[in-house]
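Here are my notes on the model, set out as numbered points for a colleague who will want to check each one against the coordinates.

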Amino acid sequence: MEDTKFSEKILHWQLKTFDELSNLDIYEVLRLRAEVFVVEQNAAYQDVDKIDIGSHHLLGMHHDQLVTYCRIIPPGQYFTEACLGRVVTREKYRKQGFSRKAVFLALQAIQNLYNTSECRISAQEYLIDFYTSFGFEVVSERYLEDGLPHFQMLKS
């Protein structure tokens, strides 16, 4: 069996606008998001949206493989505040801290790109504790998004 634990937990991180993504980058991002959010979570929904075009994309790469991804949405495009979403790590690389590092870097990018630390997210219910650890607070009632329970969370 292939060893998926890295001797060093190092990924090469890239922050790109949509226009800076290569065709292969876009393919790999959409493939990973579909693998997890559509197939693994059994949620049939329209993942490809125009929000990708105006967003920044954080890619965590190991050699040529996309391991972790996060979308960073500017203030006013989805919520009044900046937003991060589509945080995802390839299944065989989970539990190694890559999603945690992606969120940390995404929050730094929001500060650098938009000069704000305010960030609103739509978090799946099972991830409330994960996002709370970054300073997010639940600010909505539970609701269904794409058939899965979510809460809006805000980091001020």
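**Notes on the predicted model**

1. Glu91 counts as exposed, because its relative accessibility is 57% and the cut-off for that class is over 50%. The model is a predicted one, and Glu91 sits in the loop that runs between β4 (82-89) and α2 (98-114). Although Glu91 and Val36 are 55 residues apart in sequence, their C-alpha atoms are 7.9 Å apart in space.

2. On the strands, β8 (residues 148-155) is a convenient place to begin, since I would check its partners one by one. Strand β5 (residues 119-124) runs antiparallel to β8 and is joined to it by six bridges; within that pairing, Ser122 has Gln152 as its bridge partner. Strand β6 (residues 137-138) also pairs with β8 in the antiparallel sense, over two bridges, and here Glu137 is partnered by Leu154.

3. The third pairing to inspect is that of β7 (residues 143-145) with β8, again antiparallel and made through three bridges, in which Tyr143 stands opposite His150. These two strands form a hairpin with two residues between them, and Asp146 takes a positive phi there, near 55 degrees. When looking at side chains along these elements, it may help to recall that in a regular strand they alternate between the two faces of the sheet.

4. Which cysteines, if any, are joined in disulfides? A search of the whole structure returns zero disulfides. Cys70 is accordingly in none, and the cysteine sulfur nearest to its own, that of Cys119, lies 8.3 Å away. For Cys119 the closest cysteine sulfur is that of Cys83, at 5.9 Å, which is too far for a bond because the sulfur atoms of a disulfide must be within 2.5 Å.

5. Are Cys70 and Cys119 buried or exposed? Cys70 has a relative accessible area of 0% and is therefore buried, and Cys119, with a relative accessibility of 0%, counts as buried too.

6. Turning to charged side chains, the count of salt bridges comes to 10. One of them joins Lys16 to Asp25, with the closest N and O atoms 2.7 Å apart, and both Lys16 and Asp25 are buried. As general background, side chains of opposite charge can pair when their charged atoms come close.

7. Another salt bridge is formed by Asp49 and Arg86, whose closest N and O atoms are 3.4 Å apart. This pair links distant parts of the chain, with Asp49 in the loop between α1 (23-40) and β2 (56-62) and Arg86 in strand β4, 37 residues apart. The two ends fall into separate exposure classes: Asp49 is partly exposed because its relative accessibility is 23%, whereas Arg86, with a relative accessible area of 18%, is buried because the cut-off is under 20%.

8. Arg71 and Asp52 form a salt bridge as well, the closest N and O atoms being 2.9 Å apart. Here, too, distant parts of the chain are linked, since Arg71 belongs to strand β3 (residues 65-73) and Asp52 to the loop between α1 and β2, at a separation of 19 residues. Both Arg71 and Asp52 are buried.

9. Which residues make up the salt-bridge network? Arg33, Asp49, Asp52, Arg71 and Arg86 are linked in it, and I would suggest reading the two preceding points together with this one.

Conventions
Residues numbered from 1 in each chain as written. Predicted model: local features only at pLDDT ≥ 70, side-chain atom pairs only at ≥ 80, totals over all residues. Heavy atoms only, no water. Pairing = 2+ DSSP bridges. Helix = DSSP H or I, 4+ residues; strand = E, 2+ residues; numbered from the N terminus. Buried < 20%, exposed > 50% of the residue type's maximum accessible area, 1.4 Å probe, protein only. Salt bridge = Lys/Arg side-chain N within 4 Å of Asp/Glu carboxyl O.
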